[in-house]
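Here is a friendly note to read alongside the model. Take the points in order, and find each residue in the viewer as you go.

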Amino acid sequence: MAKLGRTDIEIYPLVLGTNTFGWNTGEAEAHAVLDAFSAAGGNLVDTADSYSAWAPGNSGGESETVLGTWLTRNRDKNVMVATKVSQHPEFKGLSGPNVRSAAEASLKRLGVEAIDLYYAHFDDADTPLEETVAAFNDLVTEGKVRHIGVSNYSPERLREWIDITERTGAARPVALQPKYSLVSRSTFEPGLRDIAVAEDLSGLPYHALASGFLTGKYRTEADLKQSIRGGSAAKNLNPSGLAIIEKLDQIARARGGVAIASIALAWTRTRPGITAPIAGARTADQLGPLLASAELELTRDEADELTALSDVIGA
């Protein structure tokens, strides 16, 4: 288990992503995924109020609604929920009134009394940061939110957020959610990483499997047609990206057939500032390699070899 920032909360070293819930994962299958995750010891799931507004026929909040029906039936499982505000079609931005309204809508969909970890999903340049920080702090003071997180912020804006909390006494963020993987590191390193380490923020990165590329599923142009996510993985289908896949393959063979995805996820936990990666499973059958990553500790040589190949990409 790993600590969540400066809190005493212990979290499983894998966070379950749920952006497919209510989209291409139906409620029954989503509940099966949650059952398996919880049974393995998983205790933090990640969603957002905007999931999955992009899908035809959806309007946002579908993932939270599916999570809510499971949570209602599983109060004894002590599973925590992280959700986000700023991108729901009805609750755009981070003004004080919007943050409050969005949080109350999320609480209703989730069927919980408090959101365990509430993220500012994307920065809102049109709202003074002091107003946003105050709005989040008010939710904590009122018991509607337990802890605060920041996602997709620049190092400068994250630093400003923390400075405001130090000046005003507002609740500090405990978690940071950046885009981060073996093939995508520049948004986190070095700026956000250095702040996370200095301020004891838990880095809980998304995109840790690079839209499935780091599962080894996509190795040729033809492979990209296997999934609706194939197009997102296409940019990594180059010599540098494939060299990482080959090294992951090599480590997997040496370890007796460990899944490539397990190794890629375990690598993120070797990096400064990273506490646990986020990864999602569309079906319960896909969950095995993700859970296995939580038990996998890479050797220094394995981690360093992967990092060296990742350095070449510089992405």
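Which residues of the largest nonpolar core touch the most other members? Keep that in mind as you start with the first point.

1. **The main core.** Please remember that this is a predicted model. Its largest nonpolar core has 80 residues, and those that touch the most other members are Leu14, Tyr118, Phe136, Trp161, Phe213, Leu214 and Leu248. Helix H9, residues 260-268, gives the largest share of this core, with seven residues. Another core lies apart from it and has 14 residues, including Leu4, Leu44, Ala175 and Ile278. As general background, nonpolar side chains tend to be buried together in soluble globular proteins.

2. **A look around Phe136.** Which residues is Phe136 in contact with, leaving aside its neighbours within four places in sequence? They are Val85, Leu94, Val99, Tyr118, Tyr119, Ala120, Ile148 and Trp161. Two of these names, Tyr118 and Trp161, may look familiar: they are listed with Phe136 among the core residues that touch the most other members.

3. **The sheet.** Next, trace the open sheet of eight strands, whose order is E11-E10-E9-E8-E5-E4-E3-E12, with parallel pairing. Strand E11 (202-203) and strand E12 (278-280) are the edge strands, and each pairs on one side only. At the E12 edge, strand E3 (residues 15-17) pairs with E12 in the parallel sense over three bridges. To find the place in the viewer, look for Gly17, which stands opposite Gly280 in E12. In general, strands of a sheet pair through backbone hydrogen bonds, either parallel or antiparallel.

4. **Strand E10.** Is E10 largely enclosed or open? Five of its five residues are buried, so E10 is largely enclosed by the rest of the structure. E10 pairs with E9 in the parallel sense over four bridges, and Gly149 stands opposite Ala175 in E10. Ala175 also appeared in the first point, as one of the residues of the 14-residue core.

5. **Helices H5 and H6.** Helix H5 (residues 155-168) packs against helix H6 (residues 191-199) with the axes 9 Å apart and at an angle of about 25 degrees. The two helices are therefore roughly parallel to each other, since angles under 35 degrees count that way. From H5, the residues that meet H6 are Pro155, Leu158, Arg159, Ile162 and Glu166; their partners in H6 are Gly191, Leu192, Ile195 and Glu199. This contact has five nonpolar, one polar and three charged residues.

6. **Helices H8 and H9.** How do the axes of helix H8 (residues 239-254) and H9 cross? They come within 9 Å and cross at roughly 105 degrees, which makes H8 roughly perpendicular to H9. On the H8 side the contact is made by Ile245, Leu248, Asp249, Ile251 and Ala252, and on the H9 side by Ile260, Ile263 and Ala264. By class, this contact of H8 with H9 divides into seven nonpolar, no polar and one charged residue.

7. **Asp249.** Asp249, in helix H8, deserves its own look. With a relative accessible area of 16%, Asp249 is buried, because buried means under 20%. Leaving aside neighbours within four places in sequence, Asp249 is in contact with Arg219 and Ile260.

8. **Backbone details to check.** Which peptide bonds are worth a click? The one from Tyr51 to Ser52 is cis, with omega near 0 degrees, and Ser52 sits in the loop between strand E4 (44-46) and helix H2 (62-73). The bond from Glu189 to Pro190 is also cis, again with omega near 0 degrees; Pro190 is in the loop between strand E10 (173-177) and H6. For positive phi values, see Asn152, with phi near 60 degrees in a residue other than glycine. Asn152 lies in the loop between strand E9 (145-151) and H5 and is partly exposed, with a relative accessible area of 23%. His207 is not a glycine either, and has a positive phi of about 65 degrees; you will find His207 in the loop between E11 and helix H7 (230-233).

9. **Thr7.** Finish with Thr7, in the loop between strand E1 (2-3) and strand E2 (10-11). At 12% relative accessibility, Thr7 counts as buried. Not counting residues up to four places away in sequence, Thr7 touches His147 and Val174.

Methods:
Residues are numbered from 1 along each chain as its sequence is written. This is a predicted model: local features need pLDDT of at least 70, side-chain atom pairs count only at pLDDT 80 or more; totals for chains, interfaces and linings use all residues. Side-chain values use heavy atoms; hydrogens and water are left out. A nonpolar core is a set of buried Ala, Val, Leu, Ile, Met, Phe, Trp, Tyr and Cys residues joined through side-chain atoms within 4.5 Å. Buried means under 20% relative accessible area, exposed over 50%, partly exposed in between (1.4 Å probe, protein chains only). Contact means heavy atoms within 4.5 Å. Two strands pair if DSSP finds at least two bridges between them. Axes are lines fitted to C-alpha atoms, for helices over the stretch in contact, and angles run from 0 to 180 degrees between N-to-C directions. Angles under 35 degrees count as roughly parallel, over 145 as roughly antiparallel, 65 to 115 as roughly perpendicular and the rest as oblique. Ala, Val, Leu, Ile, Met, Phe, Trp, Tyr, Cys and Pro count as nonpolar, Asp, Glu, Lys and Arg as charged, and the others, Gly among them, as polar.
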